Amino acid sequence: MIIVDTALKARAEAGNPVRVGMIGAGFMGRGIANQIIHSVPGMELVAVYNRSLDGAKRAYEEAGLDHFQTVKTVAELEDAINKGKPAVTEDASLLCKAENIDALVEVTGTIEFGAQIVMEAINNKKHVVLMNAELDGTVGPMLKVYADRAGVVLSNCDGDQPGVEMNLYRYVKSIGFTPLLCGNIKGLQDRYRNPTTQASFAAKWKQAAYMVTSFADGTKISFEQAIVANATGMKVAQRGMLGYDFRGHVDDMTHLYDVDQLKSLGGIVDYVVGAQPAAGVFIYATNEDPKHQHYLNYYKRGEGPLYSFYTPYHICHFEVPLSLARAALFNDAVMAPLGKPMVDVVATAKIDLKEGETLDGIGYYMTYGQCENSDVALSENLLPMGLAEGCKLKRPVAKDTVLTYDDIILPEGRFCDKLRSEQDSYFATAAV
């Protein structure tokens with residue numbers, strides 16, 4: 001989306017920047033704040049919400065700004081924005097309601113709170129960019145229905161692997177290829193990692209231990225690939241994905257996949273451990289034109305039938321402002337569900353679980369998430385990973401067993417459960 005830089009330059013020259021509010025000011029949120037403030041002419045970070053006010057202030061302070069204003073009402077927030085004064089608040093709804101904010105970026109990683117605040121933003125006709133694959137992979141399709149009704153963009157983001165995959169997917173399609181696999185490259189996969197095993201790594205990189213655990217135990221990549229599947233119409237080849245261990249370059253890995261199987265499924269999402277380029281993503285695609293096949297061989301892309309395309313890196317928060325500009329200036333979503341969910345992330349016991357226990361959250365000690373095709377998840381009544389936290393077990397569940405709704409008692413009154421139930425019903429009716 002190189003055109004974005006020209007559009008932002010025009011907004012800067014006109015003195016009419018894209019005004020952004022940020023929900024959540026953790027590790028990634030602070031990176032986004034610094035990027036917008038220092039490197040994106042034509043865009044302003046006008047307000048930051050965090051559950052602790054000190055966290056919101058820190059986002060501005062680490063970017064070198066100390067002239068922000070604490071606000072408690074919509075009127076105070078709108079006044080601060082009109083005066084060019086950055087605002088911080090402990091009330092996320094203010095950012096949803098302020099008329100002089102163009103777009104929001106949601107960076108909390110939460111499900112229940114994230115669902116509530118994104119819905120409020122949509123109801124107030126705000127474009128929303130998610131840096132929250134967990135929310136997107138749990139109730140994203142239903143949130144997209146509401147966003148479409150409101151005439152606003154709901155999008156995941158550039159920079160993180162799903163957005164990088166989607167940009168590459170769109171490019172590959174645009175030059176006449178048929179993508180059959182969207183792949184994500186991992187350095188480690190161990191379903192039994194927990195915050196204790198990951199504590200030193202988390203401390204080294206100044207991140208929360210539960211967050212880096214979700215990377216290591218496969219939950220995060222499952223959510224990432226699920227939202228890619230939902231945005232492309234692809235599926236998974238098996239529960240948990242194939243997940244090959246391969247110590248070469250992804251260009252040399254095409255022989256591991258059966259093209260006929262990929263075609264029969266309409267394409268798959270997958271991951272590989274240990275391949276190069278590390279921290280990259282890849283697309284395998286076909287091109288049935290013999291003339292093009294001759295050119296591709298000449299261009300050193302091989303003889304097919306699968307042709308490899310890859311992006312060798314993802315740089316997360318650096319690119320998120322581009323997603324906000326795409327939404328606000330072009331009504332273009334980086335990626336969003338096409339319709340009904342194709343792949344879900346289902347909760348799986350990380351240890352032997354006991355009757356009466358209450359499940360902890362993503363990246364903790366009791367569960368990990370793995371991908372399953374949505375039709376299977378629905379038919380087997382499997383528990384979405386995004387809804388597992390806070391559920392009470394009605395009976396023991398053995399290690400590595402996928403939990404079902406029959407195994408648990410849902411917490412009372414959660415909005416995310418209501419929205420997920422609505423999603424399941426809505427798309428079941430739509431299919432009929």
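In the predicted model, the association of domain 1 with domain 2 buries an area of about 1200 Å², to which carbon and sulfur atoms contribute 53%. On the side of domain 1, the residues that lose the most area to domain 2 are Phe27, Glu134 and Asp160, which together account for 41% of what that side buries. The two partners belong to a protein chain that is divided into three parts, with domain 1 spanning 3-160 + 317-330, domain 2 covering 162-314 and domain 3 covering 343-429. The contact draws 14 residues from domain 1 and 15 residues from domain 2, and the C-alpha centres of these two domains are separated by 29 Å.

The polar side of this interface was examined next. One salt bridge is found across the interface of domain 1 and domain 2. A salt bridge links the side chains of glutamate 134 and lysine 220, with an N to O distance of 3.0 Å, a value that lies within the 4 Å cut-off applied to such pairs. Glutamate 134 thus appears both in this salt bridge and among the residues of domain 1 that lose the most area to domain 2. Between the two domains, five residue pairs are in polar contact, counted with both residues at pLDDT 80 or more. Helix H7, which comprises residues 133-150, supplies six residues and with them the largest share of the side of domain 1 that touches domain 2. Sorted by class, that side of domain 1 holds six charged residues, four polar residues and four nonpolar residues.

Two open sheets are described here. The sheet of seven strands follows the order E3-E4-E2-E1-E5-E6-E7, and its pairing is parallel. Its edges are formed by strand E3 (69-70) and strand E7 (154-156), each of which has a single partner strand, so that one side of each remains without a neighbour in the sheet. At one of these edges, E3 runs parallel to strand E4 (residues 87-89), to which it is joined by two bridges, and glutamine 69 is placed opposite alanine 87 in E4.

The sheet of five strands is likewise open, but its pairing is mixed, and its strands are arranged in the order E9-E10-E8-E11-E12. Strand E9 (244-245) and strand E12 (307-311) occupy the edges of this sheet, and each pairs on one side only. The pairing of E9 with strand E10 (residues 268-273) is in the parallel sense and extends over two bridges; within it, tyrosine 244 has valine 272 of E10 as its bridge partner.

Several backbone features fall in loops that adjoin these strands. The peptide bond leading from glutamine 276 to proline 277 is cis, with an omega near 5°, and proline 277 is located in the loop between E10 and strand E11 (281-286). The loop between E10 and E11 also contains alanine 279, a residue that adopts a positive phi of about 70° although it is not a glycine. A further cis peptide bond connects glycine 304 with proline 305, where omega is about 5°. Proline 305 is situated in the loop that lies between helix H13 (290-298) and E12, the latter being one of the edge strands of the five-stranded sheet.

Technical notes:
Residues numbered from 1 in each chain as written. Heavy atoms only, no water. Domains from an automatic or database assignment. Contact = heavy atoms within 4.5 Å. Buried area = accessible area lost by both parts, 1.4 Å probe. Polar contact = N/O pair within 3.5 Å; in protein donor to acceptor, adjacent residues only side chain to side chain. Helix = DSSP H or I, 4+ residues; strand = E, 2+ residues; numbered from the N terminus. Nonpolar A, V, L, I, M, F, W, Y, C, P; charged D, E, K, R; others polar. Pairing = 2+ DSSP bridges.
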